[in-house]
Amino acid sequence: VVIMGHHLPDADAIGSAIGVYILAKAYHKEAHICINEATVSIRPILDNFRNNTLYDDDMFINNEQAKKIVDSDTLLMIVDVNRPSYTECPELLEKTKTIVVFDHHRQSGETISNAVLSYVEPYASSACEMVAEVLQYTNQPIDMSAMEADALYAGMMIDTGNFVQKTGARTFEAAAYLRRKGCDVVTS
């Protein structure tokens, strides 16, 4: 599984990518998050995972590494973006045949047309909310750490302006789930 968000990812893109990574690992799949350039806002999140022996050294890979490992058996999971030109590595869209899109932005004329599943929910607050819902209701038990829950919660916080805009019952249910998983709502 290769997971990627949009170019210059924000907390929602990286948080939702980490959520999908957790899901893939729960199903005992090899998983990688494609990211090239980390902005100042997400570096602390990435550093928590990069400097942690509980995670694979290749949890985060760049475009060149991703292009080398994708093959016909790769699932390409796109989070927080549905326009091909905005993705972290648009070339991967042509190199993989199984693509899934999870996004909360409205679709435009430019869409990822070869996705086997495109879950675009403009009423969701964030991609992290959408991924938290999937994690909550999957049949596979999810063993999520507090640090992982914090990453998902941070994406929700950023995209909702601290739960002030674009929130609904589903947003708060997803936040409550992350809190039950150990998210520190004060420091996230």
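**Entry 1: the crossing of α1 and α6**

A crossing of two helices is called left-handed if the near helix is turned anticlockwise from the far one by less than a right angle, and right-handed if clockwise. With this definition noted, I opened the model, which is a predicted one, and looked up helices α1 and α6. I found that the crossing of these two helices is left-handed. Helix α1 covers residues 11–26 and helix α6 covers residues 146–160. Their axes come within 8 Å and cross at roughly 145 degrees.

I then asked which residues of α1 meet α6. On the α1 side I listed Ala11, Asp12, Gly15, Ser16, Ile18, Gly19 and Ile22. On the α6 side I listed Glu148, Ala151, Leu152, Ala154, Gly155, Ile158 and Asp159. Sorted by class, this contact has seven nonpolar, four polar and three charged residues.

**Entry 2: the sheet**

I next recorded the order of the strands. Six strands form an open sheet, and the order is β3-β2-β1-β4-β5-β6. The pairing is parallel. I looked up which strands lie at the edges. They are β3 (60–61) and β6, each of which pairs on one side only. I added a general remark for reference: strands of a sheet pair through backbone hydrogen bonds, either parallel or antiparallel.

**Entry 3: strand β5 and its partners**

I followed β5, residues 98–103, in detail. Strand β4, residues 75–79, pairs with β5 in the parallel sense over five bridges. In that pairing, Leu76 has Ile99 of β5 as its bridge partner. Strand β6, residues 117–120, also pairs with β5 in the parallel sense, over four bridges. Here Val100 has Leu117 of β6 as its bridge partner, and Asp103 stands opposite Val120 in β6.

Why may β5 be described as largely enclosed by the rest of the structure? Five of its six residues are buried, so the description follows. The cut-off for "buried" is under 20% relative accessible area.

**Entry 4: the buried face of α2**

I turned last to helix α2, residues 43–50, and asked which of its residues are buried. They are Ile45, Leu46 and Phe49. Seen down the axis of α2, the buried residues fall within an arc of 95 degrees, so they line one face of the helix. I also looked up what covers these buried residues. The cover includes α1, β3 and α6. Thus α1 and α6, whose crossing I recorded as left-handed, appear again in the cover of α2.

Key. Residues are numbered from 1 along each chain as its sequence is written. This is a predicted model: local features need pLDDT of at least 70, side-chain atom pairs count only at pLDDT 80 or more; totals for chains, interfaces and linings use all residues. Side-chain values use heavy atoms; hydrogens and water are left out. Axes are lines fitted to C-alpha atoms, for helices over the stretch in contact, and angles run from 0 to 180 degrees between N-to-C directions. Contact means heavy atoms within 4.5 Å. Ala, Val, Leu, Ile, Met, Phe, Trp, Tyr, Cys and Pro count as nonpolar, Asp, Glu, Lys and Arg as charged, and the others, Gly among them, as polar. Buried means under 20% relative accessible area, exposed over 50%, partly exposed in between (1.4 Å probe, protein chains only). Two strands pair if DSSP finds at least two bridges between them. The arc is that of the directions from the helix axis to the C-beta atoms.
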